[in-house]
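Visitor: I'd like to learn how to read a protein model feature by feature. Could you walk me through one?

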Amino acid sequence: MHRLHTFTLGALGALLIAGPAAAAQTIGDEDHHIKIGGLLQAWANAQQDAAPDGGTETEMYLRRIRLMVFGKVEKKISFFIETDNPNFGRRGDFSGRMFIQDAYVEYEVSDALQVAAGLILVPFSHHGMQGATSLLGLDYHAALIRYPTGSNLVWRDTGVMARGMPFGNVFEYRLGVFNGVHGDATPAAKTSGASAWSQATDPRNPSDAPRLAARVTLNAFDPEGGPGVGGMFYDGIYLEPKPEGLVSPKTVLSLGGSLDWQRKLNVQWAAAPATGTRQVASRSDYVAAAGDVFWDIPVGPEKIMSANGQVDVYYYDHGDRRSPDAFYAGSATMFSGIGVAAEAGFRYDIVEPVVLFDWFDSKEANGKDGDVVGIAGGVNTWLSGHTTTLKMQAGAVKTGDQRWLMTGTLQAQLLF
């Protein structure tokens, strides 16, 4: 606790000295420019150990370090490239790699159609399309995003996506064709005398069919999204610093629905022979669906107060894992089932208390292995909108039959 207290004072002091972070540095004019920016999120975390006789682990590390390059090569062609080096220094590990997390180019045909190609966030749920810089909570509800193993890099996939608002601001669509999982129809082999099967061959999607993902949104008031880099990612809360205080520039109430699908990803192996090859007994399609409601409602004429939040409901069909012959039998997250991610807050100028909730009910042999329940609460301090923030959050998480584990985290964010 002394270490957390020291970090809190140090992080707050550094942010106050830094003052309002400048916008990304821009080179060029309105239709031909490049912007260079970055994101730093520093965490101090205390968490109960999962072992029955375990104590409390405390550590400080860099949750996210990102460099961003984006802009326009001409009036209708924009691009976005972003790196990440997540969890740098966590548990004393400074060997983390920096990798490309987003990389796409987008052509704006009209307000009704923009076409992007590259490494893109899969358009699945409002929460899944949000940027990490503007989350209402301290981090994502990651327990509820359960894409198939090998189908994504941090929820991104390579492919082509069309999006737009064909009927004004009321309706937005996003439709993408992605790589998804690249399977192999070759049966898994076991050599004579081997002690166990080594199923390195991936039996999913043997015809190498593409992945399809789609989302539609209805906007009751101001729209989210729109052409250009700024419209690709949703915000968890919309903020704008002004002389009178921190205001809500939009009035948002949206209702969305999403689908994610790829052929023959759910696999059941046949019984294992003593040696030779092991065949596939059955395959079925992976499908996931999500529905969400998001609100960001200003309160009062000056809009320095607002009510914010969202509820995302998820359904996943990763096949029947009740048999040990299921392909996903060894995975810790690929459970079929339903879940809810919810968060809400009420902001007064730069201060906002928030509450968060996670729940996932898995379809598993004993009904518990993939279950998750989490509750949390905290306070956000938006020192300069999204650019300079300090968030404190504490809560508890229960996974399967494990006991409740308490956790507390402080995050300092600088976006420039």
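Guide: We'll go through confidence, cores, a pocket and a few single residues.

Visitor: What average pLDDT does the chain have?

Guide: Remember that this is a predicted model. The chain averages a pLDDT of 89, and 90% of the residues score at least 70.

Visitor: Over which residues is the pLDDT below 50?

Guide: Where pLDDT is low, the predicted coordinates shouldn't be read in detail. Here that applies to residues 1-22, where the pLDDT is below 50. That stretch does have 32 contacts in the model beyond near neighbours in sequence.

Visitor: OK, on to the inside. How many residues does the largest nonpolar core have?

Guide: In soluble globular proteins, nonpolar side chains tend to be buried together. In this model the largest nonpolar core has 41 residues, and Tyr-104, Phe-124, Met-232 and Tyr-314 have the most contacts inside it. The elements giving two or more residues to this core are β3 (56-74), β6 (113-121), α2 (229-232), β14 (252-269), β16 (280-299) and β17 (305-317). The largest share comes from β16, with 4 residues.

Visitor: Which residues does Tyr-104 touch?

Guide: If you leave out residues up to four places away in sequence, Tyr-104 touches Ser-78, Phe-79 and Phe-80, then Ala-116, Ala-117, Gly-118, Leu-119 and Ile-120, and also Val-229, Met-232 and Phe-233. Another core, of 7 residues, lies apart from the largest one; among its members are Leu-136, Ile-237, Leu-356 and Trp-382.

Visitor: Now for empty space. What volume does the second largest pocket have?

Guide: Rolling a probe the size of a water molecule over the atoms shows where empty space is left. The second largest pocket comes out at a volume of about 1000 Å³. It is lined by 34 residues, and the closest to its centre are Phe-70, Thr-133, Val-229, Gly-230 and Leu-415.

Visitor: Which elements give two or more residues to that lining?

Guide: Those are β2 (33-48), β3, β4 (77-84) and α2. Of the elements, β3 gives the most, with 5 residues. By residue type, the lining divides into 15 nonpolar, 11 polar and 8 charged.

Visitor: Let's zoom in on helix α2. Is Gly-231 buried or exposed?

Guide: Gly-231, which is found in helix α2, has a relative accessible area of 2%, so it counts as buried. Beyond its neighbours within four places in sequence, Gly-231 is in contact with Arg-163, Arg-174, Gly-225 and Gly-226. For a distance along the chain versus in space, take Gly-231 and Gly-164: they are 67 residues apart along the chain, and their C-alpha atoms are separated by 9.7 Å.

Visitor: And on strand β14, are Leu-259 and Asp-260 buried or exposed?

Guide: Burial is read from relative accessible area: under 20% is buried, over 50% is exposed. Leu-259 lies in strand β14, and with a relative accessible area of 52% it is exposed. Asp-260 lies in strand β14 too, but at 0% relative accessibility Asp-260 counts as buried.

Visitor: What do Leu-259 and Asp-260 touch?

Guide: Leaving out residues up to four places away in sequence, Leu-259 touches Phe-124, Leu-212, Ala-213, Ala-214, Ala-288 and Ala-289. On the same basis, Asp-260 touches residues including Val-122, Phe-124, Tyr-147, Arg-211 and Tyr-286.

Visitor: Last one, backbone angles. What is phi of Ser-125, and of Trp-155?

Guide: Most residues other than glycine have a negative phi. Phi of Ser-125 is near 80°, a positive value in a residue other than glycine. Trp-155 also has a positive phi, near 75°.

Visitor: Where do they sit?

Guide: Ser-125 is found in the loop between β6 and β7 (156-164), and Trp-155 lies in the loop between β6 and β7 as well. Ser-125 is buried, with a relative accessible area of 0%, and Trp-155 is buried too, at 13%.

Conventions
Residues numbered from 1 in each chain as written. Heavy atoms only, no water. Core = buried A, V, L, I, M, F, W, Y, C linked by side-chain atoms within 4.5 Å. Buried < 20%, exposed > 50% of the residue type's maximum accessible area, 1.4 Å probe, protein only. Contact = heavy atoms within 4.5 Å. 1 Å grid on protein atoms, 1.4 Å probe; cavity = no way out; pocket = protein on both sides within 12 Å on 5 of 7 lines; lining within 4 Å. Points joined across faces, edges and corners; volume = space filled by probe spheres on them. Nonpolar A, V, L, I, M, F, W, Y, C, P; charged D, E, K, R; others polar. pLDDT = per-residue confidence, 0-100.
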